[in-house]
Amino acid sequence: MSRPPIQRPDLGGPFPEHLAIVMDGNGRWARRRGLPRVKGHSAGVDSVRTITTSCARMGVASLTLYAFSVENWRRPSAEVQTLMRLLRVFLWRERRTLMENGVRLRCIGRLDDLPPRALRTLRETEELTANNDGMLLRLALSYGSRSEVADALTAAARDVRAGRLDPDSVDEETLRRYLYDPETPDPDLLIRTGGELRLSNFLLWQASYAELYVTDQCWPDFREEQLLEALRDYAGRRRRYGGLLPDETDPATSPQGAS
Ligand code: IPE
Ligand code: IPE
Ligand code: MG
């Protein structure tokens, strides 16, 4: 299927390969308008559609959306049921757009906790889009970083017991291999809408060196203009991973300057 050409905006600096978003603020968006919280969730679905399509067209390699946390099961059951129904409807309605934009869907989280119908629709959509070669869209569902690490340790411990893993050789790369989706590189930029200054158990391992961007805009108001604003901010960041950038070194301590 031919898809629209990639049009990466020139924002004067680096562009993130992997973008992760905590889509927060749906409830507040609705309450401010005198609407029930679930109306915020349905408005949020429109942002998911817009942002997914925009990212695919801009050539983002991977987009990870935090859609439902392990802790979100604590919410009233009516809200949880609405969220699960919105997820199914979204997947049904968006299949065509995903295919048209060459998007591959993958889900991360404790997926067995999802209602069977939602899980079936997810698996079907993953299969349908598996051979697309455009952007990878990862939906974090019933996701929690601590559960992810616990699940990784369980799997690694089983491999030790079965003689497949030498416990003395475990390093960071070994642990990464046991995480939910080890092939996808770490996020470069992590956006949180809704203004809260926390990670809420999202990608704690993978976001170690992600650039953080928090906006007060609620998720239903986060559209292409707001995305570009975040990307522009990222383009100006200086990532040094604990080291120093070339223009930051002290001349006296550089090899040439040392006496
Ligand atoms: C994010 O919006 C959606 C989910 C967590 C599923 P919220 O529902 O958390 O909205 P606020 O934070 O209460 O406004
Ligand atoms: C984080 O939002 C989870 C998702 C966006 C799916 P929450 O609304 O659940 O986070 P807290 O409870 O404010 O930390
Ligand atoms: Mg919230």
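In this predicted model, the shell around ligand 2 is made up of five nonpolar, two polar and four charged residues. Ligand 2 sits in the largest pocket, and the space taken by ligand 1 is likewise the largest pocket. That pocket has a volume of about 720 Å³, and of the 31 residues lining it, Met 23, Tyr 66, Ala 67, Phe 68 and Asn 72 are the closest to its centre.

**Surroundings of ligand 2**

- The shell around ligand 2 consists of Val 22, Met 23, Asp 24, Tyr 66, Ala 67, Phe 68, Asn 72, Arg 75, Arg 192, Arg 198 and Ser 200.
- Strand 2, which spans residues 62–69, contributes the largest share of this shell, namely three residues.
- Three side chains place an N or O atom close to oxygen of the ligand: that of Ser 200 at 2.6 Å, that of Asn 72 at 2.9 Å, and that of Arg 75 at 3.2 Å from an oxygen atom of ligand 2.
- Taken on its own, ligand 2 has 390 Å² of accessible area, of which the protein covers 78%.

**Surroundings of ligand 1**

- Around ligand 1 lie Met 23, Asp 24, Gly 25, Asn 26, Gly 27, Arg 28, Arg 37, His 41, Ala 67, Asn 72, Arg 75 and Leu 83.
- By class, these shell residues comprise three nonpolar, five polar and four charged members.
- Helix 1 (26–32) and helix 2 (37–58) each provide at least two residues of the shell around ligand 1, and helix 1 gives the most, with three residues.
- A backbone N or O atom of Arg 28 is found 2.7 Å from an oxygen atom of ligand 1, while a polar backbone atom of Gly 25 is 3.4 Å from an oxygen atom of this ligand.
- The side chain of Asp 24 takes part as well, with a polar atom that lies 2.8 Å from an oxygen atom of ligand 1.
- Of the 380 Å² of accessible area that ligand 1 has on its own, the protein covers 87%.

**Residues listed for both ligands**

- Met 23, Asp 24, Ala 67, Asn 72 and Arg 75 appear in the shell of ligand 1 and also in that of ligand 2.
- Among them, Asp 24 has a polar side-chain atom 2.8 Å from an oxygen atom of ligand 1, whereas Asn 72 and Arg 75 each have a side-chain N or O atom at 2.9 Å and 3.2 Å, respectively, from an oxygen atom of ligand 2.
- Met 23, Ala 67 and Asn 72 are, in addition, among the lining residues closest to the centre of the largest pocket.

**Lining of the largest pocket**

- Helix 1, helix 2, strand 2, helix 3 (77–100) and strand 4 (136–143) each supply at least two residues of the lining of the largest pocket.
- Sorted by class, the lining of the largest pocket holds 15 nonpolar, eight polar and eight charged residues.

**The second largest pocket**

- The second largest pocket encloses about 160 Å³ of space, and its lining is formed by Cys 107, Ile 108, Gly 109, Arg 110, Leu 111, Asp 112, Arg 123 and Tyr 180.
- Four nonpolar residues, one polar residue and three charged residues make up the lining of the second largest pocket.

Definitions and conventions. Residues numbered from 1 in each chain as written. Chains lettered and ligands numbered in written order. Predicted model: local features only at pLDDT ≥ 70, side-chain atom pairs only at ≥ 80, totals over all residues. Heavy atoms only, no water. Near = heavy atom within 4 Å. Polar contact = N/O pair within 3.5 Å; in protein donor to acceptor, adjacent residues only side chain to side chain. Areas by Shrake-Rupley, 256 points an atom, 1.4 Å probe, with all protein chains shown as cover. 1 Å grid on protein atoms, 1.4 Å probe; cavity = no way out; pocket = protein on both sides within 12 Å on 5 of 7 lines; lining within 4 Å. Sits in = over half its atoms within 2 Å of the grid points. Helix = DSSP H or I, 4+ residues; strand = E, 2+ residues; numbered from the N terminus. Nonpolar A, V, L, I, M, F, W, Y, C, P; charged D, E, K, R; others polar. Points joined across faces, edges and corners; volume = space filled by probe spheres on them.
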